[in-house]
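Biologist: I am new to reading protein models, and I would like to learn how to read one feature at a time. Could you show me the structure before we begin?

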Amino acid sequence: MTAAKKALRIIRWLCALSLFALVLAEITRRGAFLRAPATIASNSRLDQPSLDPYLLFLGEAHRRIPPGASVAVVPQAPGELAIGTSYLLALSQMPDQTILPATSLGAAGASGPEWVMSFGGAAFSDPRFRFVASVRGGRLFQAVR
Amino acid sequence: MNGFLFFLGLLAPPLIGYGLLDFFPSFRSLHWASRLGLAGCLGALLLCAEMLLLTSLHVPWSVWLLLVPAVLLPIRRRRPRAHPEAVERKIRDGIPALMLIVLTLAAATYAAGTGRATSTDLLFFWGAKGQRFAQARSIDVGFLKDPAHLLMHSDYPPMLPCLYAWSALVAGKFAWGAALLSLPVFLTLAVLTFYGFARRALKVREALEQASLLAALLAFVMIAGYTAGNAEPLLVYFEVTALSALIFAADRREGIPAAALALAGAALTKVEGIVFAALVAAGAILFIGSARRWRCLVLLAGAPALALGAWVLFCRFHGFHEVYALHSISRPTLAHLSAVLAQVGHQASYGFWFVPWIAVFILSLPGKLTRASLLALTVAVGFTAFILYAYLTSSANPHLWIGWSASRVLITPLVCLFFFATARVTAVGAAPDASASKSTDGTLGGTGSLEAILGGADGHGEGDLTPA
């Protein structure tokens with residue numbers, strides 16, 4: 001083996017080991033070892049607000065609301081789209097219910113949602129719905145029919 | 001239990017595709033590792049095609065129905081088995097590199113499994129679509145067309161949601177935790193495929209060392225870019241397969257068909273995959289000479305065009321037109337050029353001083369500038385230009401968009417630069433063992449690069465050294 005080839009091998013090994021070290025560094029940076037995460041997003045995107053509280057609320061709502069029920073999702077923040085983050089996460093985490101955006105609340109009578117969910121600071125008040133429960137930082141309302 | 005079955009579903013494509021490899025006589029000469037990797041491509045393509053066809057025929061999906069072609073087709077096509085591979089007696093030389101590969105894959109599995117690399121797009125789009133498709137047992141047109149699901153991009157390439165739907169059908173329900181393990185699954189397949197192709201052109205030790213470098217590079221950028229559960233691991237698997245086939249085996253019978261299959265998979269995985277496939281086909285025109293150029297082009301452009309065409313036709317038939325409505329794409333503006341460059345540069349650092357880029361840059365310094373290396377470089381440059389172009393079409397400052405996506409989309413040019421470096425070094429150091437390079441159909445694997453095509457099968461011609 002020539003000296004150039006040996007040098008190349010050494011450099012290749014240094015690069016591979018450096019990158020492997022970075023893999024370990026990223027793993028270490030993102031949470032304690034051997035602690036099971038609360039949700040699949042617990043250790044991800046440390047630079048952004050955690051999705052954990054909302055995901056845990058959705059898990060609880062999924063258990064409490066009957067399968068097949070229609071549920072409107074109130075956006076968490078005033079500027080959030082009705083079909084934005086809160087709605088999309090509910091859609092993925094509550095596959096047994098029919099998830100609707102908050103705009104569906106405009107529909108009157110039987111065509112409107114049977115349940116409403118709000119989370120965090122999202123305010124919701126509508127005489128057509130009665131408060132049912134407060135769970136994991138969110139609230140559940142059921143249509144008065 | 002659901003999670004375990006879902007994970008088994010993710011592992012199934014190589015098993016589904018393995019029997020179909022016999023339809024491609026040239027694939028019988030593949031190394032077992034690249035054979036397994038290509039079987040994964042074939043299996044994924046078959047599942048996706050079946051799901052599209054059954055949806056079009058209004059036939060509900062089921063696990064058994066989807067498995068029928070995978071079981072029946074190989075029986076009809078049964079042929080004599082390929083000659084067994086020569087035992088790799090020199091594997092001992094590569095044990096340190098093999099250990100690094102295993103450790104890297106284990107670390108990637110741990111990172112993904114503990115939610116350290118989770119992409120929130122899994123929760124917003126990819127998983128939601130896959131879950132819904134499995135519930136509906138079809139590509140749910142009503143769900144995709146719902147205006148409330150506008151942000152999911154109804155006509156986005158369907159490969160990953162279809163594979164998730166397949167796994168959910170196997171498991172009985174969608175398993176979010178297991179979906180994260182798609183990262184180590186596709187990473188492993190990518191590394192295996194690379195090793196199999198590299199082994200034809202390099203000694204065991206060198207092939208394993210290159211594979212260990214690729215594994216560490218991909219594991220780091222995929223974890224740093226939060227890609228677990230997202231489509232990037234699948235896309236990168238297809239990209240690595242296509243580039244491995246072109247860099248190491250373009251002068252062999254299996255090289256171009258293998259690359260074409262992988263490009264078809266890439267085009268059905270992400271919009272970026274379509275661009276990648278187009279750039280590779282364009283690169284083939286530029287850097288493949290001789291009479292075989294047009295045959296190569298037909299395969300490399302035809303396979304992804306056919307796969308994507310089927311999906312676009314489905315979308316048009318059902319009235320989706322968003323991603324492929326080219327007339328609606330905004331024109332680029334230079335108003336945000338400096339912001340785009342600064343933001344993309346920031347994301348490209350991966351939080352660790354550009355180490356991945358520096359590594360591939362250093363490794364690309366030695367070696368020869370060959371046509372194979374130029375192909376990889378062209379795709380890297382073209383893809384980077386596409387990324388910048390896309391960000392410049394934003395009417396507002398795209399800093400949020402870039403922060404969300406740049407570290408993921410930059411993986412493709414990084415992979416291309418890795419292959420640029422590999423092709424340069426391979427052109428100099430290729431000295432395969434006779435046992436490994438002698439294929440079962442009697443052809444000899446040479447230095448395994450495109451330049452052999454230029455001057456014919458003997459590899460002579462102008463392509464060995466093409467100065468810049």
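Modeller: What follows is a conversation about chain B, its helices, some salt bridges, a surface patch and a few single residues.

Biologist: What kind of model is this, and how are its parts labelled?

Modeller: This is a predicted model, in which local features need pLDDT of at least 70 and side-chain atom pairs count only at pLDDT 80 or more, while totals for chains, interfaces and linings use all residues. Residues are numbered from 1 along each chain as its sequence is written, chains are lettered from A and ligands numbered from 1 in the order in which they are written, and side-chain values use heavy atoms, with hydrogens and water left out.

Biologist: How many helices and strands does chain B have?

Modeller: Helices (H or I, at least four residues) and strands (E, at least two) are DSSP runs, numbered from the N terminus. By that reading, chain B has 21 helices and zero strands. Contact means heavy atoms within 4.5 Å, and among the contacts in chain B between residues at least 6 apart in sequence, 82% join residues at least 24 apart.

Biologist: What share of the residues in chain B is buried?

Modeller: A residue is called buried under 20% relative accessible area, exposed over 50%, and partly exposed in between, with a 1.4 Å probe and protein chains only. In chain B, 62% of the 468 residues are buried. The accessible areas come from the Shrake-Rupley method with a 1.4 Å probe, and for residues only the protein chains shown count as cover; chain B exposes about 17400 Å², of which carbon and sulfur atoms supply 69%.

Biologist: How should I describe two helices that pack together?

Modeller: Two packed helices are described by the angle between their axes and the distance between the axes. The axes are lines fitted to C-alpha atoms, for helices over the stretch in contact, and the angles run from 0 to 180 degrees between N-to-C directions. In chain B, the axes of helix H1 (residues 2–18) and helix H2 (residues 32–56) come within 6 Å and cross at roughly 95 degrees. That makes H1(B) roughly perpendicular to H2(B), since angles under 35 degrees count as roughly parallel, over 145 as roughly antiparallel, 65 to 115 as roughly perpendicular and the rest as oblique.

Biologist: Which residues meet where these two helices touch?

Modeller: From H1(B), the residues include B:Pro13, B:Ile16 and B:Tyr18, and from H2(B) they include B:Arg35, B:Ala39, B:Leu42 and B:Leu46. B:Phe24 is placed in the loop between H1 and H2 of chain B, and it counts as partly exposed because its relative accessibility is 26%. Not counting residues up to four places away in sequence, B:Phe24 touches B:Leu42 and B:Leu261.

Biologist: How do I recognise a salt bridge?

Modeller: Side chains of opposite charge can pair when their charged atoms come close. Here a salt bridge is a side-chain nitrogen of Lys or Arg within 4 Å of a carboxyl oxygen of Asp or Glu, and a search of the whole structure finds 15 of them over all chains. One of them pairs B:Glu209 with A:Arg9, the closest N and O atoms being 2.6 Å apart. B:Glu209 lies in helix H10 (residues 204–224) of chain B and A:Arg9 in helix H1 (residues 3–29) of chain A, so this pair joins two chains. B:Glu209 counts as buried at 3% relative accessibility, whereas A:Arg9 counts as partly exposed at 24%.

Biologist: Which residue of chain B does A:Arg12 pair with?

Modeller: A:Arg12 forms a salt bridge with B:Glu206, with the closest N and O atoms 3.5 Å apart. This pair also crosses between chains, from helix H1 of chain A to helix H10 of chain B, and both A:Arg12 and B:Glu206 are buried.

Biologist: Which residues are joined into one network by salt bridges that share partners?

Modeller: B:Lys270 and B:Glu272 meet in a salt bridge at 3.3 Å, N to O. Salt bridges that share partners join B:Asp121, B:Glu232, B:Lys270, B:Glu272 and B:Arg408 into one network.

Biologist: Which residues make the nonpolar surface patch?

Modeller: Patches are made of residues with over 30% relative accessible area and no salt bridge, where like charges are joined within 9 Å and nonpolar side chains (Val, Leu, Ile, Met, Phe, Trp, Tyr) within 5 Å. A nonpolar patch of about 530 Å² is made by A:Ile11, B:Phe354, B:Ile358, B:Phe361, B:Ile362 and B:Leu365. Its largest share, three residues, comes from helix H16 (residues 355–363) of chain B. B:Ile358 is found in that helix and counts as partly exposed at 42% relative accessibility.
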